[in-house]
Protein chains: 2
Amino acid sequence: MSKDTIGSSPMVTSALIEPEPSVCPRHCVDCHLRQSDGFAPVSASELAFVEALRNGRVRIKAGGEIIAEQKPGGKLFTLYAGWAFRYKSLSDGRRQILNFLLPGDFIGLQGQFADGATHGVEAVTEVALCVFARDSLRDLFREYPNLGYDLTWLAAREESLVDENLLTAGRRNATERVAMLLIHLYRRAQRVGLVQDDSVAFPLNQQHIADALGLSLVHTNKTLRRLRKLGLHQIEDGRLRLVNPKALVRIADYYDRPLRRAPLI
Amino acid sequence: MSKDTIGSSPMVTSALIEPEPSVCPRHCVDCHLRQSDGFAPVSASELAFVEALRNGRVRIKAGGEIIAEQKPGGKLFTLYAGWAFRYKSLSDGRRQILNFLLPGDFIGLQGQFADGATHGVEAVTEVALCVFARDSLRDLFREYPNLGYDLTWLAAREESLVDENLLTAGRRNATERVAMLLIHLYRRAQRVGLVQDDSVAFPLNQQHIADALGLSLVHTNKTLRRLRKLGLHQIEDGRLRLVNPKALVRIADYYDRPLRRAPLI
DNA sequence: CGGTAGATTGAGAGTCCTCAAGCTCTGTGG
DNA sequence: CCACAGAGCTTGAGGACTCTCAATCTACCG
């Protein structure tokens, strides 16, 4: 039954397979992400400006806190490698994962602007981050309007992801929710070049999935299992493979969007 | 029982009471909203720029479509008066309201940037809107970085509202959801000056509430009724009054945030 | 006065949740 | 090399929360 289990030491496995360097390179020109198809090219001067703006490079271990839920403000990050998630929780401990963050995602805009909105960011795997000072934004908008535009682009995209997750939590049933999560994460990962051999390193455990979908752990387990037995997907050795993507798309009522290249700050 | 009903011709009632002009004034200097406490002041030149950018002023009737769900891109708006909502739906008709829009909210950023994200915007009451051309954004960012910054602020705030709604739909039970919606909308309305005499014109019907909370119409009705019988709130003649706000806050596990003044584009 | 929109209510059926154990795999210490 | 503990996955059972179906009722409109 070992091949039937989910997430058994996904960390280790994915670390073995993960092709990305675990630290963000010293110079942005060498950034692995920028060489990927998924990201829009920037001018040399913009790149230099971003690098100058960058305040540091950080690694945080799996499960570590990137932004504490109760401390607003603080720093801004670009996720360079690894998976993370944004979440909010109620005072009795119930937790809702708002969105998963993949390489290239910008972190901290909400806390920066919104009125002390309390939402935390936690690392799923070990992550590598580029750090920016909180007050560097004004400069960015002033000196490189295009980058400001890009930042708004990123904010709007992040919101549209949360929109989708809200539709999922509010109006899809358990089966549809799980199917949606699988196909949606797969597509996002694919976009940033994480898919290899028709599969992607999948570091989430069932509690993550439950918290993202607004389901209980037990029911998430039973639903995942049902979908797997139907031959729709497979999670093995910490990697996700969509065995029958069309069926997943149909169940989830998922729409593939035309994807523009994302800006990268 | 008439005083027990909800939303009986809310439109008419709110039209009688609503103090705002039903059309956005010709010049932004005369904008009612800007005179309110809730919004941040801007420089004269910025104001002039915004007015120049403005492409028109529109009114749309209650129930009318501001942005069609299937047509991305298009125009940008600032909601000047009235209530609206953003929504997404599944192909079988299930609908999720993502967020309600109140005066001062900026509309269309998501569709502008995100990859053809399909989400519609519909008027709840008759609404007055300022219209901006879709390609005017680049100019805005280039010529007035501060306004670009404000736009990102608005995008981030809108997202944090959706975050909150996702927490609600995903992790609160029906009673908590309804309490949350009532207190949250009341506070937002209060912020833009819509509260008078301890009550606010409340144009939503129970279907709106159900679609926003991810509940069925029937269960929404029963939950609302229970809260009313407990003396927590009152919806009468199309106006909402929080009879026991502290209890609502406790039930919903709601946190009042320190509110900065919002920018207004 | 019939027709429509919206609010209410009751009843029965389901989906999803909680509780309670097991099970597997991994890492650790003796 | 084995026992033990911990994290994460599975399963079964009973119950709670929500949903769907079906009517009824009120207010308002032409």
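**Exercise 1. Cavities**

Task: State how many cavities of 30 Å³ or more a search of the whole structure finds, and describe the lining of the largest cavity.

Solution:
1. In this predicted model, the search of the whole structure gives eleven cavities of 30 Å³ or more.
2. The largest cavity has a volume of about 160 Å³.
3. It is lined by 15 residues, and the closest to its centre are A:Phe100, A:Asn165, A:Leu181, A:His184 and A:Leu213.
4. At least two lining residues come from each of E5, H5, H6 and H7 of chain A; H6(A) gives the largest share, six residues.
5. Sorted by class, the lining holds eight nonpolar, four polar and three charged residues.

**Exercise 2. The interface of chain A and chain B**

Task: Describe the extent of the interface, its polar pairs, and the side that chain A contributes.

Solution:
1. Contacts join 58 residues of chain A to 58 residues of chain B.
2. The two chains bury about 5300 Å² between them, with 57% of it on carbon and sulfur atoms.
3. There are 25 residue pairs in polar contact between chain A and chain B, both residues at pLDDT 80 or more.
4. Ten salt bridges cross the interface. One salt bridge pairs the side chains of B:Arg86 and A:Asp163, at 3.0 Å from N to O.
5. On the side of chain A that touches chain B, the elements giving two or more residues are strands E4 (84-89) and E5 (95-101) and helices H3 (109-113), H4 (136-143), H5 (145-171), H6 (174-191) and H7 (206-213).
6. H5(A) supplies the largest share of that side, 21 residues.
7. By class, that side of chain A has 23 nonpolar, 15 polar and 20 charged residues.

Key. Residues numbered from 1 in each chain as written. Chains lettered and ligands numbered in written order. Predicted model: local features only at pLDDT ≥ 70, side-chain atom pairs only at ≥ 80, totals over all residues. Heavy atoms only, no water. Contact = heavy atoms within 4.5 Å. Buried area = accessible area lost by both parts, 1.4 Å probe. Salt bridge = Lys/Arg side-chain N within 4 Å of Asp/Glu carboxyl O. Polar contact = N/O pair within 3.5 Å; in protein donor to acceptor, adjacent residues only side chain to side chain. Helix = DSSP H or I, 4+ residues; strand = E, 2+ residues; numbered from the N terminus. Nonpolar A, V, L, I, M, F, W, Y, C, P; charged D, E, K, R; others polar. 1 Å grid on protein atoms, 1.4 Å probe; cavity = no way out; pocket = protein on both sides within 12 Å on 5 of 7 lines; lining within 4 Å. Points joined across faces, edges and corners; volume = space filled by probe spheres on them.
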